[in-house]
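The report that follows reads one protein chain, and its sequence and structure are shown first.

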Amino acid sequence: MFTGIIETLGKVVDLQKDKGNLHIKISSAFSSELKIDQSVAHNGVCLTVVAIQDDCHTVTAVEETLAKTNLSRLKAGSLVNLERCMQMNGRLDGHIVQGHVDQVATCTHVSELEGSWVYTFRYDAKLGNVTVEKGSICVNGVSLTVVNSQEGSFSVAIIPYTHEHTNFCALKAGDLVNLEFDIIGKYVARLLKV
């Protein structure tokens, strides 16, 4: 389980296709501290560390993950939001994040305000996911609060710290992001359909 509070940015060093899998080698501030078989969220996708070398770690994304996330669009030099699993004695500063991406969304607009940014995203509402005004949403692994919730779209406001310390600093209109909708909201929506 994760919280959506990004610990550090990683940089993609190398990508290796292996049949339907993609091995992703990433350099980050905590790569050398990781252990083989440890779970780490990469842009909100929970992946297992399979190798550690120098200040880099490698994870493998399977075909299913590549088809349902933005990881297939990574290239050398791409910035990746990284978060290690929450420790059971830690604070839940964001919200409950499983590291299981529900779907991707397209960034449709970025507005720079006086000291903050507003990002707007469009997603396929036919998949049954919904956002709620002032509810939680996980975008590329970042726990955020929804503003301007509409069917199939929503916006989030980003403070300077988040803009500087996540890959929101490189996000522009047309880019794909990973979405994980609030787990409590998903359960409520499922119960209401029964």
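With which residue does Glu-33 form a salt bridge, and how far apart are the closest N and O atoms? In this predicted model, the partner of Glu-33 is Arg-84, with the closest N and O atoms 3.1 Å apart. The pair joins distant parts of the chain, since Glu-33 lies in the loop between strand E2 (21-27) and strand E3 (39-42), while Arg-84 belongs to strand E6 (residues 79-84), 51 residues apart. Arg-84 counts as partly exposed, its relative accessibility being 23%. Glu-7 also takes part, for Glu-7, Glu-33 and Arg-84 are linked in a network of salt bridges.

**Salt bridges**

Over the whole structure, a search finds five salt bridges. Side chains of opposite charge can pair when their charged atoms come close. The table gives three of the pairs, each with its N to O distance.

| Pair | Distance between N and O |
|---|---|
| Glu-33 and Arg-84 | 3.1 Å |
| Glu-64 and Lys-68 | 2.8 Å |
| Lys-172 and Asp-175 | 3.3 Å |

The pair formed by Glu-64 and Lys-68 is local in sequence: because the two residues are four residues apart in helix H1 (residues 63-68), they are separated by about one helical turn. Both ends of this salt bridge are partly exposed, Glu-64 with a relative accessible area of 49% and Lys-68 with 46% relative accessibility.

**Two barrels**

Strands of a sheet pair through backbone hydrogen bonds, either parallel or antiparallel. Here, six strands close into a barrel with antiparallel pairing, in the order E1-E2-E5-E4-E3-E6, and neighbouring strands of this sheet are turned against each other by 45° on average, direction ignored. Within this barrel, E2 and strand E5 (residues 56-61) pair in the antiparallel sense over six bridges, and Lys-25 has Thr-58 in E5 as its bridge partner.

Another set of six strands closes into a barrel in the order E7-E8-E11-E10-E9-E12, where the pairing is antiparallel, and the twist from one strand to the next averages 45°. E7 and E12 pair in the antiparallel sense over four bridges; there, the bridge partner of Gln-103 is Leu-179 in E12.

**Nonpolar cores**

In soluble globular proteins, nonpolar side chains tend to be buried together. The largest nonpolar core has 20 residues, of which Tyr-119, Phe-121, Ile-137, Val-139, Phe-154, Phe-168 and Leu-179 touch the most other members. At least two residues of this core come from each of E7, E8, strand E9 (136-139), strand E10 (142-150), strand E11 (153-158) and strand E12 (176-181). Apart from it lies another core, of 18 residues, which includes Val-45, Leu-47, Leu-71 and Leu-82.

**Surroundings of His-163**

Is His-163 buried or exposed? His-163, which is found in helix H2 (residues 160-165), has a relative accessible area of 15% and is therefore buried. Its side chain makes a polar contact of 3.4 Å with the side chain of Tyr-119, one of the core residues that touch the most other members. When neighbours within four places in sequence are left aside, His-163 is in contact with Trp-117, Tyr-119, Ile-158, Phe-168 and Cys-169. On the same basis, the contacts of Tyr-119 include Cys-107, His-109, Phe-154, Ile-158, Phe-168 and Leu-171, as well as His-163 itself.

Gly-115 provides another link across the sequence. This glycine is found in the loop between strand E7 (103-112) and strand E8 (117-122), and its C-alpha atom is separated by 7.2 Å from that of Ile-159, although the two residues are 44 residues apart along the chain. Gly-115 is partly exposed, with a relative accessible area of 44%.

**Positive phi angles**

Most residues other than glycine have a negative phi, and most peptide bonds are trans. Lys-19, which is not a glycine, nevertheless has a positive phi of about 60°; its place is in the loop between strand E1 (8-18) and E2, and with a relative accessible area of 80% Lys-19 is exposed. Asn-140 likewise has a positive phi, near 50°, and is found in the loop between E9 and E10, but Asn-140 is buried, with a relative accessible area of 4%.

Key:
Residues numbered from 1 in each chain as written. Predicted model: local features only at pLDDT ≥ 70, side-chain atom pairs only at ≥ 80, totals over all residues. Heavy atoms only, no water. Buried < 20%, exposed > 50% of the residue type's maximum accessible area, 1.4 Å probe, protein only. Polar contact = N/O pair within 3.5 Å; in protein donor to acceptor, adjacent residues only side chain to side chain. Contact = heavy atoms within 4.5 Å. Salt bridge = Lys/Arg side-chain N within 4 Å of Asp/Glu carboxyl O. Pairing = 2+ DSSP bridges. Axes fitted to C-alpha atoms, helices over the stretch in contact; angles between N-to-C directions. Core = buried A, V, L, I, M, F, W, Y, C linked by side-chain atoms within 4.5 Å.
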